[in-house]
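Colleague: I am new to reading protein models and would love some help. Could we go through one together, feature by feature?

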Amino acid sequence: EANQVSLTSLLFLFVNENGAQLSQVSKIFEQNKIQPSIDEIFELSEVNKALKKVDNGGSKGKTLLKIN
């Protein structure tokens, strides 16, 4: 029986707070060339819960706050 190997490709983007760079990054995400690693999305009212999760090291991706 063959062993299965899962390969994950990682790509990091570093940008400045610059309109042109942010526009390029936005296009990359819109074209699904990069899939962000999102662990969990919290409502703004759950900010303390989100901070506790991050502080405890329990995130396996980005922890986001949803602001309406």
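Colleague: What is the accessible surface of the chain, and what share of it belongs to carbon and sulfur atoms?

Modeller: Accessible areas come from the Shrake-Rupley method with a 1.4 Å probe, and for residues only the protein chains shown count as cover. Here the accessible surface of the chain is about 6500 Å², and carbon and sulfur atoms hold 51% of it. Keep in mind that this is a predicted model, where local features need pLDDT of at least 70, side-chain atom pairs count only at pLDDT 80 or more, and totals for chains, interfaces and linings use all residues. Residues are numbered from 1 along each chain as its sequence is written, and side-chain values use heavy atoms, with hydrogens and water left out.

Colleague: Thanks! Which helices and strands should I look for, and in what pattern?

Modeller: Helices (H or I, at least four residues) and strands (E, at least two) are DSSP runs, numbered from the N terminus. This chain has two helices and two strands, and along the sequence they follow the pattern α-β-α-β.

Colleague: Why does the span of helix H1 agree with its number of residues?

Modeller: The expected span of a helix is 1.5 Å times one less than its number of residues. Helix H1 covers residues 19–30, so its 12 residues should span 16 Å, and its end C-alpha atoms are indeed 16 Å apart. After H1 comes Asn32, with a positive phi near 55 degrees.

Colleague: And what happens at the start of H1?

Modeller: Look for a polar contact, a pair of N or O atoms within 3.5 Å; within protein, one must be able to donate a hydrogen and the other to accept it, and residues adjacent in sequence count only if both atoms are side-chain atoms. At the start of H1, a side-chain oxygen of Asn18 comes within 2.8 Å of the backbone nitrogen of Ala20.

Colleague: How many bridges join E1 to E2?

Modeller: Two strands pair if DSSP finds at least two bridges between them. Strands E1 (residues 38–43) and E2 (residues 62–66) run parallel and are joined by five bridges; Phe42, for instance, has Leu65 in E2 as its bridge partner. With helix H2 (residues 47–55), E1 and E2 make a right-handed β-α-β unit. Right-handed means that, with the strands pointing away from the viewer, the path from the first strand over the helix to the second runs clockwise.

Colleague: Is Ala50 buried or exposed?

Modeller: Buried means under 20% relative accessible area, exposed over 50%, and partly exposed in between (1.4 Å probe, protein chains only). Ala50, in helix H2, counts as buried because its relative accessibility is 6%. Contact means heavy atoms within 4.5 Å; leaving aside neighbours within four places in sequence, Ala50 is in contact with Phe42, Thr63 and Leu65. Across the whole chain, buried residues make up 6% of the 68 residues.

Colleague: Where does Ser37 lie, and which residues does it contact?

Modeller: Ser37 lies in the loop between H1 and E1, and it is partly exposed because its relative accessible area is 44%. Beyond neighbours within four places in sequence, Ser37 is in contact with Lys60, Gly61 and Lys62. The Ser37 side chain reaches the backbone oxygen of Lys60 at 3.4 Å.
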